[in-house]
Amino acid sequence: MNHKNKNLNIYSFSLSSSSEVGSVVRAICELNYKNLLIHISSFMHNTVLVQNLKLELQKTLSDAKIVMFKHDNKTKTSLIIYSLNDIFNTGDISDVILQKIQLLDNEKTQDLQNVKRQLLSRYFTDHLTSFPNMYQLRKDLHDNEEYALVSIAIDDFATINNFYGYMVGDYIIEQVGKYLIQNVNNRIYRVSGTEFTLYLKEDLGFYDLKKYLVKLYDKVSNILVIYQNYEINVSLTLASCANYNQENLFSKVSMALKYAKDNRMPFWIYEDRMNFENEYEKNLSVSNVVRRAVEDSKIVPYFQPIIDNKTLKISKYECLARLIDDNGRIMSPTIFIPITKRIKVYNHITKTIIEKAFEVFEENKYEFSINLSMEDILNSGIFNFIIDKLKSSSASKRVIFEIVESEAIQDFNKIARFINEIKRYGAKIAIDDFGDGYSNFSYLTRMKVDYLKIDGSLIKDIDINKNSLLVVETIVDFANKLGIKTIAEYVHSSTILDRVKEMKIDYSQGYYIDEPLLNIK
């Protein structure tokens, strides 16, 4: 290391053997400086290297002041040479040297403080937009008593990212941020990947807040971002909270934003009377119940009979997932199934019902059906589990897998592969809830379907609703021409059963016949 300025020169050397002493001393002499202070640092002072170096320096540079130090490096001996310029040729040079070292240390300390300030600034700043971030927002909320918050979220950003790529996605976030700065007169934070928050210095009542959001939405509802040759329209969703106190304000605004997004609304204002917290608390409670049920094997199949309309005898059973809670009560799948998907135990539920259903029906001769969602079919783990079960079970030729028809088929090839594979082992396919949601006659001609289960919303009204009756007749006629058997769901009375039989529907299922039971008859 060499350091020079008008008053002080600093040089450093490093030695690892005595053979280097001569060349180092010669190098120091060639500097031709006076007023030398020499620091020798080593692990031990009584080594041959250190003693030779010290003697050689004393002999060659008799006017130099030599100071010995210790350091932790066992293999190296360090040498630092301090030289004052000729104008400082009197007195003891140590004080001057130490003053200079102190100045250098102060400079380094100042540099470190600057670095710390920069790091602290980065901690409170979003690196992409340079907006203050969530940590700064929390700090500002803590330091102030009266304020309002408005959340602004980019809609369908995952689609934009997937289609254009992450670089374009980041560019869009930057451009949205710039647009907000130009059109909004409040402090803006970037609190998450696609979400900004406005800080309003006063707490507005509901109607004032609504007026503000209407005007704001007018300004920012649709932003045109131009990237190279692409014109990308970006829409936003807003949310805020009209509240009598500031407790959990950010959480309430977040709940309002989720509600607005879920319901495709331009904005939503949270009010305490809405009690969104209760819904969240209920979901958390159900989540805990579901986790315990999974751990304690309290997910069980209930069995609902399906009769042959010609003989009126039970022909098959549908296996329906049920959860037994801590108090022994049965929880409906409409409550716990969405939660299982949210907490990522849904696949476990599917496997449990398949496993237990096969155990029951390996002991009898009935056919049995198991519901599968598109998520189940497209999941390679579930697919392999089903194939392994079909290979090993004696009930493989009596199982019917019901595909929930109300979910759109996005990858027909994968569905076709699933159907072809399970049919190799004698299993059958039913389309559940046909006539509701994404009903599509065209893909039935491409799928090897064995049964159509006609949706209960149509069946329950065929005795009083001519439109329902017409739709059901069309479905039955279409199925007959394709050689597909039909099953009527939600048969809730003798009148409905009679109409179903008149329409030549093959099978019936519903509470008039029997409710789902823990054991088969």
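Let me begin with the salt bridges, of which the structure holds 17, and I should say at once that what we are looking at is a predicted model. I will go through a few of these pairs, then turn to the overall make-up of the chain, to one pair of helices, and finally to some individual residues.

The pair I would like to show you to start with is Lys423 and Asp450, whose side chains meet in a salt bridge with an N to O distance of 2.6 Å. Lys423 sits in helix H14, which covers residues 412-423, while Asp450 belongs to the loop between helix H15 (441-444) and strand E18 (451-454), so this pair ties together parts that are 27 residues apart in sequence. As for its surroundings, Lys423 is partly exposed, with a relative accessible area of 25%.

Next, please look at Arg499 and Glu502, where the side chains meet in a salt bridge at 3.4 Å, again N to O. Both residues lie in helix H18, residues 494-502, and they are 3 residues apart, which is about one turn of the helix. The two partners fall into separate accessibility classes, in that Arg499 counts as partly exposed at 24% relative accessibility, whereas Glu502 is exposed, with a relative accessible area of 54%.

A further pair is Lys460 and Asp461, which form a salt bridge in which the closest N and O atoms are 3.3 Å apart; here Lys460 is partly exposed, its relative accessible area being 30%. Beyond these pairs, there is also a network of salt bridges, and it links Glu318, Glu402, Lys453 and Glu489. Please keep Glu402 in mind, as we will come back to it.

What about disulfides, how many does the structure hold? The count is 0. For two of the cysteines I can add the accessibility: Cys241 counts as buried at 3%, and Cys319 counts as buried at 2%.

Stepping back to the chain as a whole, its secondary structure comes to 18 helices and 20 strands, and of its 521 residues 44% count as buried. If we take the contacts in the chain with a separation of 6 or more, residues 24 or more positions apart account for 68% of them.

Now to the pair of helices. How do H11 and H13 lie relative to each other, roughly parallel or roughly antiparallel? The axes of H11, residues 346-361, and H13, residues 380-392, come within 11 Å and cross at roughly 10 degrees, and with angles under 35 degrees counting as roughly parallel, the two helices are therefore roughly parallel to each other. On the H11 side the contact is made by Asn347, Thr350, Lys351, Ile354, Glu355 and Phe358, and on the H13 side by Gly381, Ile382, Phe385, Ile386, Lys389 and Leu390. By residue type, this contact divides into 6 nonpolar, 3 polar and 3 charged residues.

Two of those H11 residues, Ile354 and Phe358, appear again among the contacts of Ile370, a residue found in strand E15, residues 367-372. Ile370 counts as buried, at 2% relative accessibility. Leaving aside neighbours within four places in sequence, its contacts also include Cys319, Ile353, Ala357, Val399, Ile400, Phe401 and Glu402. With Glu402, which as I said takes part in the salt-bridge network, Ile370 has a C-alpha to C-alpha distance of 5.8 Å, although the two are 32 residues apart in sequence.

Towards the other end of the numbering, Phe13 is found in strand E2, residues 8-15, and counts as partly exposed at 22% relative accessibility. Not counting residues up to four places away in sequence, Phe13 touches Val24, Ala27, Ile28, Thr77, Ser78, Leu79 and Ile81. From Phe13 to Thr77 there are 64 residues in sequence, and 8.4 Å in space between the C-alpha atoms.

Let me finish with the backbone. Most residues other than glycine have a negative phi. Leu312, however, has a phi near 60 degrees, a positive value; this residue lies in the loop between strand E12 (299-308) and strand E13 (314-324), and counts as partly exposed at 43% relative accessibility. Tyr490 likewise has a positive phi, near 60 degrees, and is placed in the loop between strand E19 (485-488) and H18, where it is partly exposed, with a relative accessible area of 48%.

Methods
Residues are numbered from 1 along each chain as its sequence is written. This is a predicted model: local features need pLDDT of at least 70, side-chain atom pairs count only at pLDDT 80 or more; totals for chains, interfaces and linings use all residues. Side-chain values use heavy atoms; hydrogens and water are left out. Axes are lines fitted to C-alpha atoms, for helices over the stretch in contact, and angles run from 0 to 180 degrees between N-to-C directions. Helices (H or I, at least four residues) and strands (E, at least two) are DSSP runs, numbered from the N terminus. Angles under 35 degrees count as roughly parallel, over 145 as roughly antiparallel, 65 to 115 as roughly perpendicular and the rest as oblique. Contact means heavy atoms within 4.5 Å. Ala, Val, Leu, Ile, Met, Phe, Trp, Tyr, Cys and Pro count as nonpolar, Asp, Glu, Lys and Arg as charged, and the others, Gly among them, as polar. A salt bridge is a side-chain nitrogen of Lys or Arg within 4 Å of a carboxyl oxygen of Asp or Glu. Buried means under 20% relative accessible area, exposed over 50%, partly exposed in between (1.4 Å probe, protein chains only). A disulfide is a pair of cysteine sulfur atoms within 2.5 Å.
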